Amino acid sequence: MSQVVVVGAGLSGLTAARALQDAGHEVVVLDKGRGLGGRMATRRITTSDGSIATFDHGAQFFTARDETFTSLVTQWISDDVVREWCRGFGSDDGHPRYVVNNGMTALTKHLAHGIDVRTSTLVFAVKPCSSDAHQWTVIIDDNSRIDCDAVVMTCPLPQSYSITVSTGIELPPELLMTDYDRTIGLLAVLDGPSAIPAPGGLQNPDDVFSWIGDNQAKGISAIPAVTFHANPAWSLAHWDDSLDEGQALLTQAAQKYLGSANILVSEYKKWRFATPRKIWPESYFAVGSLVFAGDAFAGPKVEGAVLSGLAAANYLTQTF
Ligand SMILES: Cc1cc2nc3c(=O)[nH]c(=O)nc-3n(C[C@H](O)[C@H](O)[C@H](O)COP(=O)(O)OP(=O)(O)OC[C@H]3O[C@@H](n4cnc5c(N)ncnc54)[C@H](O)[C@@H]3O)c2cc1C
């Protein structure tokens, strides 16, 4: 049995942690966020009358192509965590789109069950360990340290790189230079149903938005709640807008999807590392017992994040 620290409690990190723990390793997962899930994010907004709107504000739904991932999805469906939402937006293309029953974060909570996950724990650095008993020291922002035999880094790559720079390990330049598209989002609580047609999603409907999702139609919000994602070009062009300015522009662009409803309250959200622009040809990158994983490896989606986490765990289990 070896001690493994997983940095990042998103899908990739939690999948790796689950597989490593099942294989008999001692695992600790560290995440800087207040909650777990990373880009599998669910946000709740309470209105002035006390009603609660629920939004998926990172990943919106997912598809399954790979056989291993498909069998995991089947398991999650029988665990009553995941369900099919629809088979396309606008037309039925026969491919199931899956959603998580209580919002995307619920899947990561399901995966985290029984695992030592420490949130609000920012990892500063990973360094070679000074004692012979372990290989790596993980340094946390409160200056505490965890010595371990292996580390799985699952943050977006620029963050993983800055944490591991003092290991002295050089990453291939193509991996180092992986850039990410940004996403700016607007989460809007409405006073009535939106005008988004069934099943409740629009992909690339105009030159501002890449996605508009009706969380009530999707079945996760008790009241009308719409997630608007601006496309990468718009998000880049408006990244430095003030909150008031950006929110006003997105609110204006959103009007035509509201029908006769009005926005009661909204929040403006930014994802700096939303989508990796280039995908590494392997499902993980390892230098000995330091492993890099995440959606920049097996594909910039839910499925890719899971498969990368699994591949990283299998590598460590088979090698150490
Ligand atoms: C706006 C948006 C919409 C999307 N829509 C879809 C979709 O509809 N379908 C789909 O399949 N995919 C979608 N995706 C992609 C999907 O969400 C991701 O591919 C997947 O969630 C990535 O998981 P991950 O574990 O690789 O990374 P992440 O979820 O980013 O996890 C990395 C974790 O590392 C943590 N971390 C970072 N730095 C530190 C540090 N120093 N110390 C400790 N912890 C740290 C972060 O807090 C985070 O929790 C979307 C993504 C975004 C942003």
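## Tyr98 and its partner

At 11% relative accessibility, Tyr98 counts as buried, because the cut-off for buried is under 20%. This is a predicted model. Phe62 is buried too, with a relative accessible area of 3%.

The rings of these two residues pair. The centres of Phe62 and Tyr98 lie 5.8 Å apart, and their planes meet at 35 degrees, so the pair is tilted. Phe62 sits in the loop between S4 and H2, while Tyr98 belongs to strand S6. The pair therefore ties together parts that are 36 residues apart in sequence.

## Aromatic pairs elsewhere

The whole structure holds 17 aromatic pairs. Another of them joins Phe61 and Phe89. This pair is tilted, with 5.2 Å from centre to centre and 55 degrees between the planes. Phe61 lies in the loop between strand S4 (52-56) and helix H2 (67-78). Phe89 lies in the loop between strand S5 (82-86) and strand S6 (97-100). The pair thus links distant parts of the chain, 28 residues apart.

Are these two residues buried or exposed? Phe61 is buried, at a relative accessible area of 18%. Phe89 is buried as well, at 15%. Both residues belong to one aromatic cluster, together with Trp85 and Trp211.

## Around the ligand

Phe61 also brings us to the ligand. It is among the closest of the 34 residues that surround the ligand. The others named as closest are Ser12, Asp31, Arg39 and Asp295. By type, the shell divides into 16 nonpolar, 13 polar and five charged residues.

Some contacts can be followed atom by atom. A polar side-chain atom of Asp295 lies 2.7 Å from an oxygen atom of the ligand. Val302 offers a backbone N or O atom 2.9 Å from a ligand oxygen. For Lys301, a backbone N or O atom lies 3.4 Å from an oxygen atom of the ligand. The protein covers 91% of the 1000 Å² of accessible area that the ligand has on its own.

## Where the shell comes from

Which elements give two or more residues to the shell around the ligand? They are helix H1 (11-22), helix H4 (157-164), strand S16 (263-276) and helix H10 (302-319).

The domains tell where the ligand sits. Domain 1 (3-49 + 61-178 + 278-319) gives residues to the shell, and so does domain 2 (180-276). The ligand therefore lies between them.

Key
Residues numbered from 1 in each chain as written. Predicted model: local features only at pLDDT ≥ 70, side-chain atom pairs only at ≥ 80, totals over all residues. Heavy atoms only, no water. Near = heavy atom within 4 Å. Polar contact = N/O pair within 3.5 Å; in protein donor to acceptor, adjacent residues only side chain to side chain. Areas by Shrake-Rupley, 256 points an atom, 1.4 Å probe, with all protein chains shown as cover. Helix = DSSP H or I, 4+ residues; strand = E, 2+ residues; numbered from the N terminus. Nonpolar A, V, L, I, M, F, W, Y, C, P; charged D, E, K, R; others polar. Domains from an automatic or database assignment. Phe/Tyr/Trp six-rings, centres within 6.5 Å; stacked < 30°, edge-to-face > 60°. Buried < 20%, exposed > 50% of the residue type's maximum accessible area, 1.4 Å probe, protein only.
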